[in-house]
Amino acid sequence: MMQNIPPPEILLQLSLNGALGGAMYGVAAVGLSLIFGTMRLIFLAQGAMIILSAYFVRALFYGVGIDPFASLLIVVPVGLVVGWLVTKACFAARRQRRTATSHS
């Protein structure tokens, strides 16, 4: 009995999709461990930031027609600024508490 084996192009595409998906998980894991290791805080909004950036890339591709790889030149700096603002807003009180107790 012969199984339906997909053509090599499909296998290559599936392999690349799997590798890119795994790379996304790896980058998220490294980011979480870096943030927790340096700040001793768990920043779970990182996943939401990655998804928000992916939707932004998609919107630029379908709305404006910008190539997804070229849109990274826009999305990465915007994502960095938004992430920095979210971090400042969420952790400002904890930083002030930590600074106040460390100087005492």
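**Exercise 1. The order of elements**

Work out which elements the protein has and in what order they run from the N terminus on.

*Solution.* In this predicted model, the elements run α-α-α from the N terminus on. Counting them by type gives three helices and zero strands. Two of these helices are examined below, namely H2, which covers residues 46-64, and H3, which covers residues 68-102.

**Exercise 2. The span of helix H2**

Find what length the 19 residues of helix H2 should span, and compare it with the distance between the end C-alpha atoms.

*Solution.* Begin with the rise of 1.5 Å a residue, which is multiplied by one less than the number of residues. For H2 this gives an expected span of 27 Å. The end C-alpha atoms of H2 are 26 Å apart in the model, which agrees with the expectation. After the helix comes glycine 65, whose phi is positive, near 90 degrees.

**Exercise 3. The two sides of helix H2**

Determine which residues of H2 are buried, and which exposed residues lie on the face turned away from them.

*Solution.* The cut-off is needed here: a residue is buried when its relative accessible area is under 20%, and exposed when it is over 50%. By this rule Gln46, Met49, Val57 and Leu60 are buried in H2. Seen down the helix axis, the buried residues fall within an arc of 85 degrees, so they line one face of H2. The general background is that an α-helix has 3.6 residues a turn, so residues three or four places apart point the same way. On the face turned away from the buried side, H2 carries the exposed residues Leu52, Tyr55, Tyr62 and Gly63.

**Exercise 4. Valine 75 and its contacts**

State whether valine 75 is buried or exposed, and name the residues it is in contact with once its neighbours within four places in sequence are left aside.

*Solution.* Valine 75 is found in helix H3. Its relative accessible area is 4%, so valine 75 is buried. With the sequence neighbours left aside, valine 75 is in contact with Ser53, Phe56, Val57 and Leu60. For one of these, leucine 60, the separation from valine 75 is 15 residues in sequence and 9.3 Å in space, C-alpha to C-alpha.

**Exercise 5. Threonine 87**

Decide whether threonine 87 is buried or exposed, and find which backbone oxygen its side chain reaches.

*Solution.* Threonine 87, which is found in helix H3, has a relative accessible area of 17%, so it is buried. Its side chain reaches the backbone oxygen of glycine 83 at 2.8 Å. Of the 104 residues of the protein, 13% count as buried.

Terms used
Residues are numbered from 1 along each chain as its sequence is written. This is a predicted model: local features need pLDDT of at least 70, side-chain atom pairs count only at pLDDT 80 or more; totals for chains, interfaces and linings use all residues. Side-chain values use heavy atoms; hydrogens and water are left out. Helices (H or I, at least four residues) and strands (E, at least two) are DSSP runs, numbered from the N terminus. Buried means under 20% relative accessible area, exposed over 50%, partly exposed in between (1.4 Å probe, protein chains only). The arc is that of the directions from the helix axis to the C-beta atoms. A polar contact is a pair of N or O atoms within 3.5 Å; within protein, one must be able to donate a hydrogen and the other to accept it, and residues adjacent in sequence count only if both atoms are side-chain atoms. Contact means heavy atoms within 4.5 Å.
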